[in-house]
Amino acid sequence: MKSTLILTLLATATVGLYAAKEEAAKAIPKEAFGVYSFEDAQKQSAKKKDPIVFLLVNERAEDAKVEAAGKITYWGLEKDNTVVVLRPNSAGEWSRRLPAALPAAINAKDLGKEYPRVVVMDHTGSVVLTSVPAAKLIDGGEDAVKALNKEIKELAKNPPKPTATTPATAPGTAPTPPTATPPAVAAGSVAIQGASVEGWTSSDGRTIQATLLEVAPDKVVLQLANGNKVDVPLTKLNDASQKRAAELKAASSK
């Protein structure tokens, strides 16, 4: 009787192990949210208050580790988050259909150009919570994905809070002039002095909270709540935000 029970338990454990491996190897479903179904993903995320995970994958990668890392990341995160799968062949649609800060964040230099890589935003699609380069996902495998999922849960509970760039002063006291050296900017650009966190709205109506650092002839540089800096083409901002950028640029040019 005992031997039969032991064999049954061993068989069950073996089946469970094979099932786990099979799930890790499963292809990302074709019906997963993507660029063209982002609006549906955003509605689901807003309803559930789930963070939005943008996963950039190459499902036809020649390297089996790259392909497997994309699948493991998807299946490891999709239960607790709204996952939007990005593919290189849809990059032309990113700036039109996705949050204004996303294209720059997913292509940030510190993330590299390898696959898969991840950018996580809050359920409003306006604040970047964290990002993960390919090497960490490939080398860390399931453990790295579990750690990422845990980090996302903590960030969702306690999202980064914008910090004022100018310290508060007592009533009647003149503010202390900044002593920091302004960052170097490209020719034709203006570094914004004394800017603080405010709303910036894209041409399609999405708003992010960020600090304007620099205005160039064709773009602005925004610093997000988590410290990441992103370039946003001026044409991707609505008229009001373009006007605000021009006002700050003029004030900082004096």
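**Exercise 1.** Which residues does Val 220 touch, not counting residues up to four places away in sequence? Place Val 220 in the nonpolar core of this predicted model.

*Solution.* Start with the contacts. Val 220 touches Leu 212, Glu 214, Val 215, Val 230, Asp 231, Val 232, Leu 234, Leu 237 and Ala 245. Next, turn to the core. The largest nonpolar core has 35 residues, and Val 220 is among the members that touch the most others, along with Phe 54, Leu 86, Leu 212 and Leu 222. Strand E7 (residues 207-215) supplies the largest share of this core, four residues. A second, separate core has 21 residues, including Val 57, Trp 75, Leu 129 and Leu 148.

**Exercise 2.** Describe the aromatic pairs and classify each one.

*Solution.* There are two aromatic pairs in the structure. In one of them, Phe 38 and Phe 54 lie 5.8 Å centre to centre with 35 degrees between the planes, a tilted arrangement. Phe 38 belongs to helix H2 (residues 38-48) and Phe 54 to strand E1 (residues 52-56), so the pair links distant parts of the chain, 16 residues apart. Both phenylalanines, Phe 38 and Phe 54, are buried. For Tyr 74 and Trp 75, the ring centres are 5.1 Å apart; the planes stand at 85 degrees, and therefore the pair is edge-to-face. Tyr 74 is buried because its relative accessible area is 8%, under the 20% cut-off. Trp 75, at 16% relative accessibility, also counts as buried.

**Exercise 3.** Which charged ends sit over the rings of Trp 75 and Tyr 115?

*Solution.* Over the Trp 75 ring sits the charged end of Lys 26, 4.0 Å from the ring centre. For Tyr 115, the charged end is that of Arg 117, 5.5 Å from the ring centre.

Terms used:
Residues numbered from 1 in each chain as written. Predicted model: local features only at pLDDT ≥ 70, side-chain atom pairs only at ≥ 80, totals over all residues. Heavy atoms only, no water. Core = buried A, V, L, I, M, F, W, Y, C linked by side-chain atoms within 4.5 Å. Buried < 20%, exposed > 50% of the residue type's maximum accessible area, 1.4 Å probe, protein only. Helix = DSSP H or I, 4+ residues; strand = E, 2+ residues; numbered from the N terminus. Contact = heavy atoms within 4.5 Å. Phe/Tyr/Trp six-rings, centres within 6.5 Å; stacked < 30°, edge-to-face > 60°. Lys NZ or Arg CZ within 6 Å of the ring centre and 35° of its normal.
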